[in-house]
Amino acid sequence: MPADLERIYGRLGFGDRVVYSNFVASLDGVVTLGDRPSAGSVISGRNQADRFLMGLLRACADAVLLGAGTLRATPGHRWTPEHIYPDAAAGFAGLRKKLGRKPQPRLVVFTRSGDIALDHPAVVAGATVVTSEAGARTLGGRLPDSCDVIRADDVTRAVGELRLRGYEVLLTEGGPHLLGELVQAGLLDEAFLTISPVIAGRDVDARLGMVASVEFLPDRQLWSRLLSARRHEDFLFLRYGLGKS
Ligand SMILES: NC(=O)c1ccc[n+]([C@@H]2O[C@H](COP(=O)([O-])OP(=O)(O)OC[C@H]3O[C@@H](n4cnc5c(N)ncnc54)[C@H](OP(=O)(O)O)[C@@H]3O)[C@@H](O)[C@H]2O)c1
């Protein structure tokens, strides 16, 4: 890590082949707010330390994996380090260079339906779209030239194909349905979780936790290890390791 970044977060590094997630949750475990856009920003209150960490984790990655639900819920966003935390743009660029990464992480959008906004700026800038045969037909030839397609029925095949294409250090920013599939498939190695000191509540909206559409407890016990815990003011920044490594 360049010293200016390490001074802010502390030491951070990853293995050569890894899948890690990053989410922000309210004190009561909520990560989505029904149909409201940009739930993460609302839940973190646009906290600057959280945004710095988002940038830092993006800066370490070969690719950022995203479900179509998150793309739809975040109009106008770019999943690049400097978009989320412009003040550290030079430091992030220096880190990528030092790590031998390309200038920007590749965005990888998962959509079975193929129903994604082709004019979303993150798609226009270039994305790899993971989709089904039906989704590929829906997309037709309409994707911008900056995009390419992986046809895969499940996340294991998709991640395998990404690795063949040289994307080994993979960050997922969700959402909960995509993360659920990655955990179910045993692909998630590490989970970064910011606990925001706000209470979201649950009543009318579907308000999800970090993992959706799959249940583990009580039958399947997926315990993790706490790798680091950092605090900035009232926010907690946690890093967990899953699996045996
Ligand atoms: N608090 C946080 O840190 C945080 C982080 C990220 C997201 N969020 C919030 O989470 C919400 C979205 O999450 P979500 O769980 O509803 O959706 P999601 O996980 O982002 O996306 C689900 C969609 O991804 C596609 N998909 C999933 N698995 C696939 C596979 N194996 N192959 C191809 N496509 C696949 C499908 O798209 P199609 O429907 O196109 O078939 C599916 O409907 C938003 O509200 C967002 O703001 C919060």
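Here is a quick tour of a predicted model, from its ligand site to its cores and a few backbone oddities.

## Around the ligand

Let's begin with the ligand. The shell around the ligand has 25 residues, and Thr70, Arg72, Thr111, His177 and Glu181 come nearest. Sorted by character, the shell holds 11 nonpolar residues, 10 polar ones and four charged ones.

Several elements chip in: β1, α2 (39–44), α4 (68–73), β3 (106–111) and α10 (176–184) each give at least two residues to the shell. The largest share, five residues, belongs to α4.

## Polar contacts with the ligand

Now for some atom pairs. An N or O atom in the side chain of His177 sits 2.6 Å from an oxygen atom of the ligand. Backbone atoms join in as well: a polar backbone atom of Ala68 is 3.2 Å from a ligand oxygen, and a backbone N or O atom of Pro176 is 3.2 Å from an oxygen atom of the ligand. On its own the ligand would expose 940 Å², and the protein buries 86% of that.

## Two nonpolar cores

In soluble globular proteins, nonpolar side chains tend to be buried together. Here, the largest nonpolar core has 39 residues, and the members touching the most others are Tyr20, Phe52, Leu56, Phe92 and Ile116. Helix α3 (residues 48–60) brings the largest share of this core, with seven residues.

Take Phe52 as an example. Beyond its neighbours within four places in sequence, Phe52 is in contact with Leu5, Ile8, Tyr9, Tyr85, Ala88 and Phe92. There is also a second, separate core of 30 residues, with Leu65, Ala158, Ala191 and Leu193 among them.

## A buried serine

Have a look at Ser26 in strand β1 (residues 18–26). Ser26 counts as buried because its relative accessibility is 1%, below the 20% cut-off. Setting aside neighbours within four places in sequence, Ser26 is in contact with Ile43, Ser196, Val198 and Ala200.

## Backbone oddities

Two cis peptide bonds are worth finding. One runs from Gly174 to Gly175, with omega near 5 degrees; Gly175 is in the loop between β6 (169–172) and α10. Another joins Leu217 and Pro218, where omega is about 5 degrees, and Pro218 lies in the loop between β7 (190–196) and β8 (225–232).

Then there are positive phi values outside glycine. Ser38 has phi near 50 degrees and sits in the loop between β1 and α2. With 29% relative accessibility, Ser38 counts as partly exposed. Glu233 has a positive phi of about 50 degrees and is found in the loop between β8 and β9 (235–241). At 55% relative accessibility, Glu233 counts as exposed.

Note on methods: Residues numbered from 1 in each chain as written. Predicted model: local features only at pLDDT ≥ 70, side-chain atom pairs only at ≥ 80, totals over all residues. Heavy atoms only, no water. Helix = DSSP H or I, 4+ residues; strand = E, 2+ residues; numbered from the N terminus. Buried < 20%, exposed > 50% of the residue type's maximum accessible area, 1.4 Å probe, protein only. Contact = heavy atoms within 4.5 Å. Near = heavy atom within 4 Å. Polar contact = N/O pair within 3.5 Å; in protein donor to acceptor, adjacent residues only side chain to side chain. Areas by Shrake-Rupley, 256 points an atom, 1.4 Å probe, with all protein chains shown as cover. Nonpolar A, V, L, I, M, F, W, Y, C, P; charged D, E, K, R; others polar. Core = buried A, V, L, I, M, F, W, Y, C linked by side-chain atoms within 4.5 Å.
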